[in-house]
Amino acid sequence: MTQDGLAATPDPAPARSEGTMERRKQIMKFLFRYRNSGVFSGLGQDALREEATVEDGTPAQFSRDLEALGPTFIKLGQMLSTRPDIVPPSYATALERMQEEVSPVPVEQIRQALEADLGVRLSKVFQTFDPEPLGTASLAQVHRAVLRDGTPVAVKVQKPGVAQRLLSDLAMLRSIAGAADRLTKVGRTLRFSDWLDEFTRTLMAELDYVAEAENLERFALHLEAYPELVVPRPVWDLTRRRVLTMELIEGVRVDQVPAVRRIEQPMLPMASALLRGYLDQIFIFGEIHADPHPGNLRVTADNRLAIFDLGMVANVPPGQRECLLRLLFAAVDGRGEAVAREMLALGTQLEEFDGERFSRETGQLISRYSAHSGTTSEGLVVLELVRTAMACGLRTPPELSLLGKALLNLDTVCRALSPELDAKAVVEGHLQHVMRARLRQSLSSPNMASELMDLQSLAREGPRKLSDILSLLSENKLQIRVSGLEESHLMESLQKIANRGAAGVVTAALILASALMMRVPTASTLFGYPTVAMILLFIGAILGASIVISALLGDRKVKSR
């Protein structure tokens, strides 16, 4: 007992600090071990021809070590598998196979979390609640239940404490990424902080089950034109940020359908509908679900394809959507020059960008794809385009990698469902439908009204603005402002020249003044010469030497931005 009568309790802050330091130590040890693997360090010129290796581990070991670090890093691995510009191919393949099957949380903890989020006892809303989970992942687990009205449902519950762990890990990763961006060339090139911000937004959205319920409802609405596809509907009264209740749809994984059933029930219509439906989602509605892998797709008893797990959905702006559509059109049509042009429009050219090499390698890649279109996936081509762009100094947007990953996953699923499906023919034919749908959208009443308002504004204000320009020309007052010049290398070089010139003049003045004062008689001397003259000489010599050293060491190359 303390003097005030209260029991002394240990301060949890030191324990938390120790835990944080230990966690940071684990992360840094992991990064150091795989520092030479090519992961987190980008792809250089030889990365497309020769896989990066690491002495201490293989891609499979890298995947296992990532899993051992916990939920944050499992999700990080899944996201890295969609970035061929950062991860070598063998490591991307290992990350794609990363399993999220982990030990389930005891059902009592799940019950407590459910009752806390729903605000009622489970017996009030469910007739039965199966203690054995249907599935368990790093962030959540799913249980079968039956509502009071007899409706079977699936209840997805976020594991207790997982959000706090994610936020702590992300804060550590953000500090590491910021240091890498400031101190390393590859960090300035790949911008790890930007990628981590994107990853954080995606992960936070995945933790919000209300957003996932909205995705389920929206996908179900968008895919109504395809009766072969079904998306479970959410039960809104029993859905919260950490709880998602949806209708229960049971079926067989697409890669586990028995051969006998394939003979009795053709899977070709389902595979074709899945591919066409996802193309609509991407290019008409602007949403990319990059994870349609076999584990998220089930063949139901009535021969429909059920789509699950829509937590990670990326939205594509209309302008970028059009560029992606033109790029895919050009790739399917075998026009390498057009593909390179669209890639340039989508990407950001870095200082070391090699345009000639990029155009050449892009043309060769598209030519190979056209020659082997029956055996090469469109998704694989898009991912190879991303790798080629990064190797040539062109940073591509993450949406392009997500498109490639989605198409690659769709190709895998379609081949598992129906190996005889000609995916390229389906894509090529359906892109025409997508173009017609986009044309209808552009001719809709709201779009037409907006275009007419723009024309009206141009007709009303155009003559006045033209008159203003002509008046400025006639009075010789027309000015042109070049934005960004103050941040350019030209201004930096001019400022450096001015600073060096001023420093040189000051140095020369100091040395000249000291030389003139050497013969002035004075009582204070240093080495037999006037003290003031010697001090001026030393200062001038130091300044002159610093100018020469700075020129030799700092003016040989311009720092990368």
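In this predicted model, strands 2 (residues 140-147) and 3 (residues 152-158) run antiparallel and are joined by seven bridges. One of the residue pairs involved is A145 and V153, with V153 sitting in strand 3 as the bridge partner of A145.

Zooming out a little, this pair belongs to an open sheet of four strands, lined up in the order 1-2-3-5 with antiparallel pairing. The edges are taken by strand 1 (126-136) and strand 5 (243-247); each has a single partner strand, so one side of each is left without a neighbour in the sheet. Ignoring direction, neighbouring strands here are turned by 25° against each other on average. As for what holds such an arrangement together, strands of a sheet pair through backbone hydrogen bonds, in either a parallel or an antiparallel fashion.

Two helices come into the picture next. Helix 5 (residues 107-118) lies across strand 1, strand 2, strand 3 and strand 5, and its direction makes an angle of about 120° with strand 1. Helix 10 (residues 209-222) lies across strand 2, strand 3 and strand 5, running at about 25° to strand 5.

Now for the chain as a whole. The protein chain contains 21 helices and 14 strands. It has 561 residues, and 42% of them count as buried. Looking at contacts between residues at least 6 apart in sequence, 69% join residues at least 24 apart. As for the outside, the accessible surface of the protein chain comes to about 30300 Å², and carbon and sulfur atoms account for 57% of that surface.

Terms used
Residues are numbered from 1 along each chain as its sequence is written. This is a predicted model: local features need pLDDT of at least 70, side-chain atom pairs count only at pLDDT 80 or more; totals for chains, interfaces and linings use all residues. Side-chain values use heavy atoms; hydrogens and water are left out. Two strands pair if DSSP finds at least two bridges between them. Axes are lines fitted to C-alpha atoms, for helices over the stretch in contact, and angles run from 0 to 180 degrees between N-to-C directions. Contact means heavy atoms within 4.5 Å. Buried means under 20% relative accessible area, exposed over 50%, partly exposed in between (1.4 Å probe, protein chains only). Accessible areas come from the Shrake-Rupley method with a 1.4 Å probe; for residues, only the protein chains shown count as cover.
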